[in-house]
Amino acid sequence: MSTPETSRFVRLRVELVLEIEDADGITKAALRRIADDGGMPTAERAHAEGAVTEDTAEALAYLVDPFDLVSQVPGVELQQASWSSERIDYDPDSPEWDLDEDDGDDESDS
C-alpha cells in the first residue's frame, strides 16, 4: 500500500473520566432517549430501559454517541465506532492516571 492509501483512515482514541453529579438526571435523560427512539424493537427497549435504570454508567454510555463527536468535523466520515463505560476507582493523584504517560500502544516500537 502506498502512503496515501494507508493514511486515509485514522483511529482516534479518547479516554474520559467523568464525575457523576446527578445520576438521576443521567438516568432520566437516557430513558427519554430510549422513549424517543421509535424504531427500537420492544424487547430491545425493555432491555435498554432495565440497563440504564440499574447502572448510571450504562445510562451514560447510552447518551454518549461517538458520531456526535465527529459529525461537525469537515471532511470526516465515521466508519466504525465502539465505546463502553464502567464505574472505576479514580485517584487524580495516582501515577496510574497520568495522561502524559505512554499507554504502551506506541507504533514506533514495532
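Here are four short exercises on this predicted model, each with a worked solution.

Two ground rules first. Residues are numbered from 1 along each chain as its sequence is written, and side-chain values use heavy atoms, with hydrogens and water left out. Because the model is predicted, local features need pLDDT of at least 70 and side-chain atom pairs count only at pLDDT 80 or more, while totals for chains, interfaces and linings use all residues.

**Exercise 1. Find where confidence is lowest and highest in the protein.**

Start with the scale: pLDDT is the predictor's confidence in each residue, from 0 to 100. The protein has a mean of 84, and 84% of its residues reach 70 or more. Next, go by element: helix α1 (residues 3-6) is lowest at a mean of 58, and α2 is highest at 97. Finally, look at residues 106-110, where pLDDT stays under 50 and the model has 0 contacts (heavy atoms within 4.5 Å) beyond four places in sequence. Where pLDDT is low, the predicted coordinates should not be read in detail.

**Exercise 2. List the secondary structure elements of the protein.**

Helices (H or I, at least four residues) and strands (E, at least two) are DSSP runs, numbered from the N terminus. Counting them gives 5 helices and 0 strands.

**Exercise 3. Identify the largest nonpolar core and the helices that supply it.**

Take the criterion first: such a core is a set of buried Ala, Val, Leu, Ile, Met, Phe, Trp, Tyr and Cys residues joined through side-chain atoms within 4.5 Å. Buried means under 20% relative accessible area, exposed over 50%, partly exposed in between (1.4 Å probe, protein chains only). The largest core has 8 residues: I26, A30, I34, M40, A48, V52, A59 and L60. At least two come from each of α2 (23-36), α3 (42-54) and α4 (56-63), with α2 giving the largest share, 3 residues. As a check, pick I26: leaving aside neighbours within four places in sequence, I26 touches I20, T56, A59, L60 and L63.

**Exercise 4. Describe how α3 packs against α2 and against α4.**

Axes are lines fitted to C-alpha atoms, for helices over the stretch in contact, and angles run from 0 to 180 degrees between N-to-C directions. Angles under 35 degrees count as roughly parallel, over 145 as roughly antiparallel, 65 to 115 as roughly perpendicular and the rest as oblique.

- The axes of α2 and α3 come within 9 Å and cross at roughly 170°, so the two helices are roughly antiparallel.
- For α3 and α4 the angle is about 125°, with axes 5 Å apart, which makes α3 oblique to α4.
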